[in-house]
Amino acid sequence: AAAEARLLRHLLQRWRRHVDLALLFAVLAVLLLLDGPCRHSSPTAFLNAEFGALFLSILAFLRRRWPLTWDAWRGPLDHLEA
């Protein structure tokens, strides 16, 4: 199980940019699709969704700029490899 988790983590680390872009585009697509109906009926919820998209884009930028520091898929002891 530990070897499989390590393999999956390394796979996600290699595909980090693609995963980040897919998540960001999915969130932006949902925001664009729901812009008309949701912005007027529930502006607070839509504003929170916009803040979530902004946070996701900032996180994607930070993970791209400093991948080892902002890597959520890094194990608790990966930085201590000998």
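# A tour of four helices

Start on the outer face of helix α2: select F25, L32 and L33, which are exposed and sit on the face turned away from the helix's buried side. Keep in mind throughout that this is a predicted model.

**Stop 1: the whole chain**

Zoom out and colour by secondary structure. The protein has four helices and zero strands. Along the sequence the pattern reads α-α-α-α. Of the 82 residues, 17% are buried. Turn on the surface next. Its accessible area is about 6500 Å², and carbon and sulfur atoms hold 71% of that. Now think about contacts with a separation of 6 or more. Residues 24 or more positions apart supply 60% of them.

**Stop 2: helix α2**

Select residues 16-33. This is α2, with 18 residues. From first C-alpha to last, α2 reaches 26 Å, close to the 26 Å expected at 1.5 Å a residue.

Which residues of α2 are buried? Show R16, D20, L24 and L31 as sticks: these are the buried ones. They cover an arc of only 50 degrees around the axis, which puts them on the same side of α2. The spacing rule is a familiar one: an α-helix has 3.6 residues a turn, so residues three or four places apart point the same way.

Look down the helix axis. Opposite the buried side you meet F25, L32 and L33 again, the exposed residues of the starting view.

What do the buried residues of α2 pack against? Add α1 (2-14), α3 (35-41) and α4 (43-65) to the display; the buried residues of α2 pack against these three helices.

**Stop 3: D20**

Centre on D20, in helix α2. Is D20 buried or exposed? Its relative accessible area is 12%, under the 20% cut-off, so D20 is buried.

Show the neighbours of D20. Leaving out residues up to four places away in sequence, D20 touches A60 and R63. Draw a distance between the side chains of D20 and R63: they make a polar contact of 3.0 Å.

**Stop 4: across to R63**

Move to R63, in helix α4. R63 is buried too, with a relative accessible area of 5%. R63 forms a salt bridge with D20, and the closest N and O atoms are 3.0 Å apart. R63 lies in α4 and D20 in α2, so the pair ties together parts that are 43 residues apart in sequence. As background, side chains of opposite charge can pair when their charged atoms come close.

Stay here and select R17 as well. The C-alpha atoms of R63 and R17 are separated by 8.5 Å, although these residues are 46 apart along the chain.

**Stop 5: helix α4**

Select residues 43-65 to see all of α4. Its 23 residues should span 33 Å at 1.5 Å a residue, and the end C-alpha atoms are 33 Å apart, which agrees.

Which residues of α4 are buried? Show F46, A53, A60, L62 and R63. A60 and R63 are the residues that D20 touches at Stop 3. Now display what lies over the buried residues of α4: the cover includes α2 and α3.

**Stop 6: the D35, R39 and E50 network**

How many salt bridges does the structure hold? There are three. You have seen the one between R63 and D20.

Select D35 and R39. They form a salt bridge with the closest N and O atoms 2.7 Å apart. Being four residues apart in helix α3, D35 and R39 are separated by about one helical turn. D35 counts as partly exposed at 28% relative accessibility. R39 also counts as partly exposed, at 36%.

Keep R39 and add E50. R39 forms a salt bridge with E50, the closest N and O atoms being 2.9 Å apart. R39 lies in helix α3 and E50 in helix α4, so the pair ties together parts that are 11 residues apart in sequence. Salt bridges that share partners join D35, R39 and E50 into one network. E50 counts as partly exposed at 27% relative accessibility.

**Last view**

Show both sets of salt bridges together. The pair R63 and D20 is buried at 5% for R63 and 12% for D20. In the network, D35, R39 and E50 are partly exposed.

Note on methods: Residues are numbered from 1 along each chain as its sequence is written. This is a predicted model: local features need pLDDT of at least 70, side-chain atom pairs count only at pLDDT 80 or more; totals for chains, interfaces and linings use all residues. Side-chain values use heavy atoms; hydrogens and water are left out. Helices (H or I, at least four residues) and strands (E, at least two) are DSSP runs, numbered from the N terminus. Buried means under 20% relative accessible area, exposed over 50%, partly exposed in between (1.4 Å probe, protein chains only). Contact means heavy atoms within 4.5 Å. Accessible areas come from the Shrake-Rupley method with a 1.4 Å probe; for residues, only the protein chains shown count as cover. The expected span of a helix is 1.5 Å times one less than its number of residues. The arc is that of the directions from the helix axis to the C-beta atoms. A polar contact is a pair of N or O atoms within 3.5 Å; within protein, one must be able to donate a hydrogen and the other to accept it, and residues adjacent in sequence count only if both atoms are side-chain atoms. A salt bridge is a side-chain nitrogen of Lys or Arg within 4 Å of a carboxyl oxygen of Asp or Glu.
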